[in-house]
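I opened a new notebook page for this structure. I wanted to look it up from the overall fold down to single residues.

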Amino acid sequence: MRDTVPAGRVGRAELPGSCIRSLIDRMHTAQQGALAPRGPSSAPSAFSSREIDVPRLLAGGWDMVEVASRLYYSGRTIKSVITSMMNRLGLHKRSHAVAYALRRKLL
């Protein structure tokens, strides 16, 4: 085991299976924690129709300008809807908002 660090410097390190399994488990736990929404409510009724339409269109590949045009809102309104959802749910990126809506079967 003490040879692992020097061997790793030259790309030849091999870790024991127990270490690899532990690393994979920790990565999985960290990934689930990062993707899990945090917020006061996750019930579908907690979202307005606009809050459902915006991530639905984003998931469909539309950009912000196209979403605003299709919903007859300004780009600023669309950004405000997304920011409000992300803050309320503890999400950090628009893609997280879309993923959250997909997981909750809102789309």
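My entries follow, in the order in which I made them.

**Entry 1: the chain as a whole**

I noted before anything else that this is a predicted model. I then looked up the secondary structure and found 6 helices and 0 strands in the protein chain. Read along the sequence, the pattern is α-α-α-α-α-α. I checked burial next: the protein chain has 107 residues, and 22% of them count as buried. For contacts with a separation of 6 or more, I found that 57% are between residues 24 or more positions apart.

**Entry 2: the core**

Which residues of the largest nonpolar core touch the most other members? I found V54, L58, V67, I78 and I82, in a core of 20 residues. I then asked which elements give two or more residues to this core. They are helix 3 (49-59), helix 4 (64-71), helix 5 (75-89) and helix 6 (94-103). Helix 5 supplies the largest share, 6 residues. For background I wrote down that in soluble globular proteins nonpolar side chains tend to be buried together.

I picked V67 for a closer look. Leaving out residues up to four places away in sequence, V67 touches V54, L57, L58, W62 and I78.

**Entry 3: helix 4**

V67 led me to helix 4, where M64, V67, A68 and L71 are buried. Looking down the axis of helix 4, I saw that the buried residues fall within an arc of 100°, so they line one face of the helix. On the face turned away from that buried side I found the exposed residues V65 and S69. What do the buried residues of helix 4 pack against? The partners are helix 3, helix 5 and helix 6.

I also checked both ends of helix 4. At the N-terminal end, D63 acts as a cap, with a side-chain oxygen 3.1 Å from the backbone nitrogen of V65. After the helix comes Y72, and its phi is positive.

**Entry 4: helix 4 against helix 5**

I looked up how these two helices pack, and the angle is about 105°, with the axes 8 Å apart. Helix 4 is therefore roughly perpendicular to helix 5, as angles of 65 to 115 degrees count as such. From helix 4, M64, V67, A68 and L71 make the contact; from helix 5, G75, I78, K79 and I82 do.

**Entry 5: Y72**

I went back to Y72, which sits in the loop between helix 4 and helix 5. Its phi is near 60°, a positive value in a residue other than glycine. I noted beside this that most residues other than glycine have a negative phi. Is Y72 buried or exposed? Y72 has 75% relative accessibility, so it counts as exposed, the cut-off being over 50%.

**Entry 6: two polar contacts**

I looked up T77, in helix 5. T77 is partly exposed because its relative accessible area is 25%, between the limits of 20% and 50%. Its side chain is joined to that of S74 by a polar contact of 3.0 Å.

My last look was at E51, in helix 3. E51 counts as buried because its relative accessibility is 10%, and buried means under 20%. Which side chain does the side chain of E51 contact? It makes a polar contact with the side chain of R88, at 3.1 Å.

Notes. Residues numbered from 1 in each chain as written. Predicted model: local features only at pLDDT ≥ 70, side-chain atom pairs only at ≥ 80, totals over all residues. Heavy atoms only, no water. Core = buried A, V, L, I, M, F, W, Y, C linked by side-chain atoms within 4.5 Å. Buried < 20%, exposed > 50% of the residue type's maximum accessible area, 1.4 Å probe, protein only. Helix = DSSP H or I, 4+ residues; strand = E, 2+ residues; numbered from the N terminus. Contact = heavy atoms within 4.5 Å. Arc of directions from axis to C-beta. Polar contact = N/O pair within 3.5 Å; in protein donor to acceptor, adjacent residues only side chain to side chain. Axes fitted to C-alpha atoms, helices over the stretch in contact; angles between N-to-C directions. Parallel < 35°, antiparallel > 145°, perpendicular 65-115°, else oblique.
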